[in-house]
Amino acid sequence: MTAGRLARAAAIVALFGLVSRLLGFARELVLAAAFGASAATDAFVNSLLIVNSVAAVLLYTLVTLIIPTFQRERAQEGNDSAWALVVALAFWTGAALVVTASLIALAPEPVAAIFNLDAEREARTAELIRIMAPALALQGFSAIFTAMLQIHGRFAGPAAVGVAFNFGIIVGVVAGQGAIGIEAAGWGVTVGAALQVLLQLPQFWRLLREARAAPRLTHPRLGAVGLLALPVMGASVLQQVNSFTDKVFASTLEAGRVSALAFASALGQAPRVALLLPLLTPLFPLIAKLVSEDREADALRAFRRVAGLLGLLSIPLMLVMSVYSEELAQLAFKRGRCGDECVDQISPPLTFYALALWPAFGSLLLNRTLSAANRQRDILWTTMATVGATIALDIALLGPMEQAGLALASTLGVYLNAVLLLWLMRRHFPALSLPELMSRQARVLAAGVITGATALVMDLLVPTRDLATLEMLPGLLGKLAVCAVVFVAAARLLARPELAEGLRSVRALTGRGGPR
């Protein structure tokens, strides 16, 4: 994939990612306005976690595994054998999904018991899990389609699935909240998951016809790929463990703290979805192809360029969002049943989630690059260490800091994970110069620190925290504009090569220049 095609693919993913994130915010806003940070919202958040966790595990496993597997099989045995392998893998994955969803629909109570809720919230959670059970299978099918479409550079359909999913939930809440309450959101999840499948199915069907791929149940290397999937899936499951432990620990606090933590996490992760995934989604197949062809120098060159761009984007966002977390929480959620108390529960964890942006950007890039190099077992051990450390921090910080402590524990875990993955990257790719990489990031970080200090000074000069939302907005926008100007000026002074490279990427993205 040329730089121009990579940029265009990133633009497509960015567009749909932005629309999806906007709808995701709209979904959280509708939920907060309709139900507030309440026991009913806690039940929905916990139930949705089950569905989203299955989807996240499958999407991570399939994209991480199928793309390098297909590229390697095609390079060694030809296109027909590669298609036969992934079709057989998709069949057995789909069968497992149907069985799992059916069992959960028949007996949701053991799943609901994981969260250790009081009787009322546990019963409501079980009912919502039963309603959402079909979405487990549907989200899994969507993940299969996504992986197979991305192999062939088709990113529009997969990028739009979040739009369909969030749209379904919003429609469900708006249409049914008055009649059936929070169950309307549960039905919206199932409708949204069905829309995901319907959105990708035509493109997936055309792809199968073009490849002349026939149904397959077996392949000589299916077992080997299944064994390779175990550490990948294990790492993905472990990545979801902290989401579960966060919800379990937050469930021991007052009703509403689970949903407040979820609202803060959604807002804190918005830049990851809007900026990180658009860049890494088309990049991963490219790196996997370069590694499979033993073009390590080209793969590392792509890694270094993207690492620089990610630092340029994430560092100023991280610091500015942490300074203005209260204002951002108010802008996003203060309406309907989410009043001052609701915002007060959201803003402290949002501060810490914002501080995780930089290492989160870097971790996903490192993870995908190591996965392309077939280092899944190393990633598994790293994830296990990170999860264990994060749970220990959860326990230590929950008492004194409540849900903000859970957010801080997650942030410290993200930093630890980034450090461990960087060590693995250096060990597997000796040609990667850590001093050069860290020097580039340090220059951008210095510019970001100046921007963060500016944000603090502006907060003292133009305080906006105690204003009503509409009164606050002009002052906040002005402060953000000043911070953007300061960062560009500081980057021109301290990180000129990184800034120039970022501008070249923007020009390539908009089709006005850049390498082809």
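Glu402 sits in the loop between α16 (376-401) and α17. In this predicted model, the phi angle of Glu402 is near 55°, and that is a positive value in a residue other than glycine. As for its surroundings, Glu402 counts as partly exposed, at 33% relative accessibility. The helix on one side of that loop, α17 (residues 403-428), has the highest mean pLDDT among the elements of the chain, at 94.

**Confidence and overall make-up**

How far does the confidence go elsewhere? The chain averages a pLDDT of 84, with 90% of the residues scoring at least 70. At the low end among the elements is helix α6 (residues 156-159), with a mean pLDDT of 65. Then there's the stretch covering residues 509-516, where pLDDT stays under 50. For those residues, the model has 16 contacts beyond four places in sequence.

The secondary structure is easy to sum up: 20 helices and 0 strands. Of the 516 residues of the chain, 55% count as buried. If you look at contacts between residues at least 6 apart in sequence, 85% of them join residues at least 24 apart. The accessible surface comes to about 21000 Å², and 67% of that belongs to carbon and sulfur atoms.

**The disulfide**

How many disulfides does a search of the whole structure find? The count is 1, and the pair is Cys338 and Cys342, whose sulfur atoms are 2.1 Å apart. A disulfide is a covalent bond between the sulfur atoms of two cysteines. The torsion about the S-S bond of Cys338 and Cys342 is about -85°, so this disulfide is left-handed. Cys338 counts as buried at 1% relative accessibility, and Cys342 counts as buried too, at 8%. Another cysteine, Cys483, is buried at 3% relative accessibility.

**Salt bridges**

A search of the whole structure turns up 20 salt bridges. Here are three of them, with the N to O distance for each pair:

| Pair | N to O distance |
|---|---|
| Asp298 and Arg295 | 3.1 Å |
| Arg375 and Asp378 | 3.0 Å |
| Glu498 and Arg440 | 3.9 Å |

Take Asp298 and Arg295 to begin with. Asp298 is partly exposed, with a relative accessible area of 26%, and Arg295 is partly exposed as well, at 37%. The Arg375 and Asp378 pair is mixed: Arg375 is partly exposed at 29%, whereas Asp378 is buried at 18%. Asp378 gets the buried label because its 18% is under the 20% cut-off.

What about Glu498 and Arg440, buried or exposed? Both are buried. Their closest N and O atoms are 3.9 Å apart, and the pair links distant parts of the chain. Glu498 belongs to helix α20 (residues 496-509), while Arg440 belongs to helix α18 (residues 434-461), and the two are 58 residues apart.

Some salt bridges also share partners, and this joins Glu326, Glu327, Asp459, Arg465 and Lys479 into one network.

**Around Gln330**

One member of that network, Arg465, shows up again among the contacts of Gln330. Gln330 is found in helix α13 (residues 325-333) and counts as buried, at 5% relative accessibility. Which residues does Gln330 touch, leaving aside its neighbours within four places in sequence? They are Val343, Arg465, Leu467, Ala468, Thr469 and Met472.

**A nonpolar patch on the surface**

Over on the surface, Phe167, Val171, Val191, Leu195 and Leu198 form a nonpolar patch, with about 430 Å² of accessible area together. The elements that give two or more residues to the patch are α7 (161-180) and α8 (183-211). Of these, α8 gives the most, with 3 residues. Phe167 has its place in helix α7. Phe167 is partly exposed, at a relative accessible area of 46%, so it clears the 30% cut-off used for patch members.

Definitions and conventions:
Residues numbered from 1 in each chain as written. Predicted model: local features only at pLDDT ≥ 70, side-chain atom pairs only at ≥ 80, totals over all residues. Heavy atoms only, no water. Salt bridge = Lys/Arg side-chain N within 4 Å of Asp/Glu carboxyl O. Buried < 20%, exposed > 50% of the residue type's maximum accessible area, 1.4 Å probe, protein only. Helix = DSSP H or I, 4+ residues; strand = E, 2+ residues; numbered from the N terminus. Patch = residues over 30% accessible without salt bridge, like charges linked within 9 Å, V, L, I, M, F, W, Y side chains within 5 Å. Areas by Shrake-Rupley, 256 points an atom, 1.4 Å probe, with all protein chains shown as cover. pLDDT = per-residue confidence, 0-100. Contact = heavy atoms within 4.5 Å. Disulfide = S-S within 2.5 Å.
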